[in-house]
Amino acid sequence: MSEAKPPLIVHIIYRLGVGGLENGLVNIVNKLPTTRYRHAIICLTESTDFSQRICRPDVEIFELHKRPGQDWRSFRSVYRLLKQLRPAIVHTRNLAAIEYQVCALLAGVSYRIHGEHGWDVFDPDGSNVKYQLLRRILGSIIHRFIPLSRHLESYLRDRVAISGSKITRICNGVDTTVFYPGENEAIVPDGCGLALRDKVVIGTVGRMHGVKDQITLVRAFILSCQQSAEFAERCRLFLIGDGPLKAEAIDLLSASNLADCVWSPGERADIPVILRAMDIFVLPSIAEGISNTILEAMASGLPVIATRVGGNPELVTDGETGRLVPAQDVVSLSMALNELALDGECRRRFGEGSLRRIHAEFSIDSMVARYQQVYDGQ
């Protein structure tokens, strides 16, 4: 008789593309023991080349090409897939996928988990009563909620009214074999046409839309250049990612005669190398869970400037690993940029603090072990 296969986890997400949620999923799939669990991924819309980061050859990926809005056919497709795959566990992530827990219930999946990785673009502060009610109703059929930050944990417990016994907070971890500091020599990523020798590279990585608010970073960079000739001469800007804000950002920089100071290549697969080419990392989000990109930047030995929202203060210690500034505050962000860009000793001290904190508190092995404990609780 053949040996029984390990139990199957079906992960349901909106899209398998570049992003912190997706990166965390790939890390779990790659790092969980192959003898303990199998995996399949249902993408409500599509999968991209990001799927090539999955090292296991046995992971099936299904694309449903869901139409915008409420596409009822997608519920039927998910139900049929779950009946076919017969998973032991279904793990949905974020608001876009939570409704498909109904499909898991109807398909007879015995253990149902939902992860909260960050705020929806239409509900950046969690105040939307309709979304609170949706989570509360579906919470009755979900066995375990996994928020990534204390902010999301308190939201689920205090505003959605999910029982604390159903909540397990698991912070993201970062793979320090992939993300690590560069050597002293300047790194120029492939395709970057900027002259970076003796320059200070300020950069951000993320989807360029709404809640990520790269426009505030662009405006702060412009303000710093206008107020300081030294800053304008020394500093260059990396905007890594794609989305509707990209064109607006380039237009603003062009209007200020700073287009030659920015590199904006869109989505990239070589983020570790790009981070090693930076001197300062900035996350200007309006709302945030636990940011993978902040963790990756810290593991790369970078000082981090982030907005004081969501889980960011759980990662960035103001005055030790970087600076925290108010969201959508161009002047405060410009001041923080000036401080770090023009003070190499400050950058070095904060960067070393970032690296120490990553090794002490944000191990990827610890994160994966905690997920396995949740999965083992079925």
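**View 1. Arg169 pairs with Glu153 in this predicted model.** Arg169 is partly exposed, and its relative accessible area is 22%. Its salt-bridge partner is Glu153, with 3.4 Å between the closest N and O atoms. Arg169 sits in the loop between H6 and E7, while Glu153 belongs to helix H6, so the pair ties together parts that are 16 residues apart in sequence. Glu153 is also partly exposed, with a relative accessible area of 21%. Buried would mean under 20%. Side chains of opposite charge can pair when their charged atoms come close.

**View 2. A salt bridge lies within helix H8.** The helix covers residues 229–234. Here the side chains of Arg234 and Glu230 meet, with 3.6 Å from N to O. The two residues are four apart, about one turn of the helix. Arg234 has a relative accessible area of 26%, which makes it partly exposed. Glu230 is partly exposed at 44%. Elsewhere, salt bridges that share partners join Arg150, Glu153, Arg169 and Glu314 into one network.

**View 3. Asp71 and Arg73 form a salt bridge.** The closest N and O atoms are 3.6 Å apart. Which of the two is buried, Asp71 or Arg73? Asp71 counts as buried, at 4% relative accessibility. Arg73 counts as partly exposed, at 44%. This pair can be set against the whole model, where the count of salt bridges comes to 20.

**View 4. Helix H2 has a buried side and an exposed side.** H2 runs over residues 72–85 and has 14 residues. From its first C-alpha to its last, H2 reaches 20 Å. That is close to the 20 Å expected at 1.5 Å a residue. Which residues of H2 are buried? They are Ser74, Phe75, Val78, Leu81, Leu82 and Leu85. These residues cover an arc of only 130° around the axis, so they lie on the same side of H2. On the other side, Trp72, Arg80 and Gln84 are exposed.

What covers the buried residues of H2? The cover includes four strands and a helix: E1 (8–13), E2 (38–43), E3 (60–63), E4 (89–93) and H4. Look just past the end of H2 as well. There Arg86 takes a positive phi of about 55°.

**View 5. Three nonpolar residues form a patch on the surface.** The members are Tyr79, Val102 and Leu106. Together they have about 250 Å² of accessible area. Val102 is placed in helix H4, which spans residues 101–106. At 33% relative accessibility, Val102 counts as partly exposed.

**View 6. Leu196 is a buried residue in a loop.** The loop runs between helix H6 (150–159) and strand E7 (200–205). Is Leu196 buried or exposed? Its relative accessible area is 6%, so it is buried. Leaving out residues up to four places away in sequence, Leu196 touches Ile187, Val188, Pro189, Val201, Arg236 and Phe238. Cys103 is 93 residues from Leu196 along the chain. Their C-alpha atoms are separated by 52 Å.

**View 7. Ser224 is buried in helix H7.** This helix spans residues 214–227. Ser224 has a relative accessible area of 0%, so it counts as buried. What does Ser224 touch, not counting residues up to four places away in sequence? Its contacts are Phe231, Ser334, Leu337 and Asn338.

**View 8. Asn94 and Asp198 each have a positive phi.** Most residues other than glycine have a negative phi. Phi of Asn94 is near 70°, and Asn94 is not a glycine. Asn94 is placed in the loop between E4 and helix H3 (95–98). For Asp198, also not a glycine, phi is about 65°. Where is Asp198 found? It is in the loop between H6 and E7. Asp198 counts as exposed, at 68% relative accessibility.

Notes. Residues are numbered from 1 along each chain as its sequence is written. This is a predicted model: local features need pLDDT of at least 70, side-chain atom pairs count only at pLDDT 80 or more; totals for chains, interfaces and linings use all residues. Side-chain values use heavy atoms; hydrogens and water are left out. Patches are made of residues with over 30% relative accessible area and no salt bridge: like charges are joined within 9 Å, nonpolar side chains (Val, Leu, Ile, Met, Phe, Trp, Tyr) within 5 Å. Accessible areas come from the Shrake-Rupley method with a 1.4 Å probe; for residues, only the protein chains shown count as cover. A salt bridge is a side-chain nitrogen of Lys or Arg within 4 Å of a carboxyl oxygen of Asp or Glu. Buried means under 20% relative accessible area, exposed over 50%, partly exposed in between (1.4 Å probe, protein chains only). The expected span of a helix is 1.5 Å times one less than its number of residues. The arc is that of the directions from the helix axis to the C-beta atoms. Contact means heavy atoms within 4.5 Å.
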